[in-house]
Amino acid sequence: MGFFYLFFLLVSISSTTNACDRCLHQSKAAFFSKASSLSSGACGYGSSAASFYGSHLAAAVPSLYKSGSGCGACFQVRCLDSKLCSKTGTQVIVTDENKNNETDFVLSGRAFMAMANKNMGKNLLKLAVANVEYRRVPCDFKGKNFTVRVEESTQKPNYLALKFLYQGGQTEIVAADIAQVGSSSWTYLTRSHGAVWDTSRAPAGALQLRLVVTSGYDGKWIWAQSVLPADWKIGGVYDSGVQIDDVAQEGCGECDEQIWN
């Protein structure tokens, strides 16, 4: 996968990506009473989602879920009832798709209550649906690197499925390749669903990984020179040694004048 492929990919993505993610948006948010309803969602994070942002999880509408590339995106969300809710709100991470367009988000109960002023959480829950304002923000996993998990659907030696965890920054993964460590012969991965990528042509031995990350019109390569050891195990979780901390550029200067106060 070379420069011309990357250029074509970025042009294609820029024509379909929901630009100006960092703008302020107003909508509504509902909640699930159990966070497990979101951790088992379309992104495929499963039990790993419990370690994300204190289980402040969210299902997002298709325009934010983005056919799975929005999985792992982080948002600052606050409700607009000043009597019940704080000015800062809370940060959530997308783990599922919300196909009901009546609200942009369905939050975990914990995330929904976190928008409330002190001792007002139960009162906020009684609303069931709240008017909210939100914007996308960079994800920060406080010292954790970008990590991959070998999924149980993997079948050695050829079929390999990887789940991407702890994606920092404010970008989307739009392409991924793997190769044997030290080799320049790359095998592309395809998005199986949500945060899970796979291939039926897995190289043997220890593996390296490279990603194309983008948002708006900007994009770049991220290269993890050693991700899976030669004796990798199904169900194993492996630190890539790198983290994505970029905040990709977007062609929406009007958003920079908006103030969160």
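How many bridges pair strand β10 with β11, and in which sense? In this predicted model, β10 (residues 187–193) and β11 pair over 3 bridges, in the antiparallel sense. One register point is set by Arg191, whose bridge partner in β11 is Trp197. The two strands form a hairpin with 2 residues between them. Within this hairpin, Gly194 adopts a positive phi near 50°.

Strand β11 spans residues 196–199. Its side chains alternate in direction. Val196 and Asp198 point one way, Trp197 and Thr199 the other. All four are buried. Strand β11 also pairs with β8 (residues 160–165). That pairing is antiparallel and comprises 4 bridges. Here Lys163 stands opposite Val196 of β11.

A second set of pairings centres on strand β6, residues 130–137. This strand is mostly covered, with 6 of its 8 residues buried. Strand β1 (residues 25–32) pairs with β6 in the antiparallel sense over 5 bridges. Ser27 faces Val132 of β6 in this arrangement, standing opposite that residue. Strand β3 (residues 74–79) is joined to β6 by 6 bridges. These two strands also run antiparallel. Between them, Arg78 stands opposite Glu133 of β6.

Internal voids were examined next. The structure holds 2 cavities of 30 Å³ or more. The largest has a volume of about 70 Å³. Several residues of the β10–β11 hairpin region recur in its lining. Among the lining residues are Arg191, Gly194, Ala195 and Trp197. Thus the bridge partners Arg191 and Trp197 both line the largest cavity. Gly194, the residue with positive phi, lines the largest cavity as well. The remaining lining residues are Tyr45, Gly68, Ser69, Cys71, Phe164, Gln167 and Ile173. By class, the lining has 6 nonpolar, 4 polar and 1 charged residues.

The second largest cavity encloses about 30 Å³ of space. Its lining consists of Tyr45, Phe52, Cys71, Gly72, Ile93, Phe141, Leu165, Tyr166 and Gln167. This set divides into 7 nonpolar and 2 polar residues, with no charged residue. Tyr45, Cys71 and Gln167 appear in the linings of both cavities. Strand β8 reaches residue 165, and Leu165 is one of the residues lining the second largest cavity. Phe164, in turn, lines the largest cavity.

Conventions:
Residues numbered from 1 in each chain as written. Predicted model: local features only at pLDDT ≥ 70, side-chain atom pairs only at ≥ 80, totals over all residues. Heavy atoms only, no water. 1 Å grid on protein atoms, 1.4 Å probe; cavity = no way out; pocket = protein on both sides within 12 Å on 5 of 7 lines; lining within 4 Å. Points joined across faces, edges and corners; volume = space filled by probe spheres on them. Nonpolar A, V, L, I, M, F, W, Y, C, P; charged D, E, K, R; others polar. Buried < 20%, exposed > 50% of the residue type's maximum accessible area, 1.4 Å probe, protein only. Pairing = 2+ DSSP bridges.
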